[in-house]
Structure formats: structure tokens, C-alpha cells
Amino acid sequence: MTTASFTGEVNTQGDFETVASVTSLTLTSGNTYNIQIQNTAILKVADAEFTFKNEKFNYVASSDDLYIKTEGAIPCVLTILEV
């Protein structure tokens, strides 16, 4: 089994997109992921939106999609590593 991971620049131009679509990763429900956001991005699960700026945190995937939105034309660097 290969560990799921991604590091890259993400720019959604102010629109929400699924993390799966911008990273080509499938986040498995119940699995934990280390996530780092450099610059600013908003993550959304269901109706909850969280703004992150230069932060690292753990995320436990659920059956709901995880969405990301960057501010206007300003990209962020997104890093995801499955634990």
C-alpha cells in the first residue's frame, strides 16, 4: 500500500472545489491526514467553513467531501500526508 500524499500550489480563484479534484487524492473515511496550508485557504465540510493561515493540523476524513477555497487569485501551498 502506498501512503497518500500531495504537495502543490492550489488556486481555486475564490470558488470551492473538492480537495480530491485539486490533488487527485481519495481521502478515505476514517483515515487521519496531516494537512499544512501555507498562505490562506478556507476548508469546508458539510456546512462548516474553517479559515486557515499558515497552519498544520490533523484531519479525520468522513463520508462528506472536503472542499477548499483560496482567496481570489492568491494561491496556497497545500500539503497532505496520510498518517
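**A tour from the first loop to the core**

Begin by selecting Gln 13, which sits in the loop that runs between strand 1 and strand 2 (17–18), where strands (E, at least two residues) and helices (H or I, at least four) are DSSP runs numbered from the N terminus. Its phi is near 55 degrees, a positive value in a residue that is not glycine.

A note on reading what follows: this is a predicted model, in which local features need pLDDT of at least 70 and side-chain atom pairs count only at pLDDT 80 or more, while totals for chains, interfaces and linings use all residues. Residues are numbered from 1 along each chain as its sequence is written, and side-chain values use heavy atoms, with hydrogens and water left out.

Next, colour strand 3 (32–45) and strand 4 (48–60), which pair in the antiparallel sense over 12 bridges, pairing being assigned if DSSP finds at least two bridges between two strands. The two strands form a hairpin with 2 residues between them, and Ala 46 in the turn has a positive phi of about 55 degrees. Within this pairing, Ile 37 stands opposite Glu 55 of strand 4.

Stay on strand 4 and pick Asn 54, whose phi is also positive, at about 50 degrees, although Asn 54 is not a glycine. Is Asn 54 buried or exposed? Asn 54 counts as exposed because its relative accessibility is 52%, the classes being buried under 20% relative accessible area, exposed over 50% and partly exposed in between (1.4 Å probe, protein chains only).

Move now to Thr 32 in strand 3, which counts as partly exposed because its relative accessibility is 26%. Leaving aside residues up to four places away in sequence, Thr 32 touches Asn 58, Tyr 59, Val 60, Leu 81, Glu 82 and Val 83, a contact meaning heavy atoms within 4.5 Å. The C-alpha atoms of Thr 32 and Leu 81 are separated by 8.7 Å, with the two positions 49 residues apart along the chain.

Finally, show the largest nonpolar core, which has 21 residues, those with the most contacts inside it being Leu 27, Ile 35, Ile 37, Tyr 59 and Leu 78; such a core is a set of buried Ala, Val, Leu, Ile, Met, Phe, Trp, Tyr and Cys residues joined through side-chain atoms within 4.5 Å. Strands 1, 3, 4, 5 and 6 each give two or more residues to this core, and the largest share, 6 residues, comes from strand 3. End on Tyr 59, whose contacts, not counting residues up to four places away in sequence, include Leu 27, Thr 32, Ile 35, Val 45 and Leu 66.
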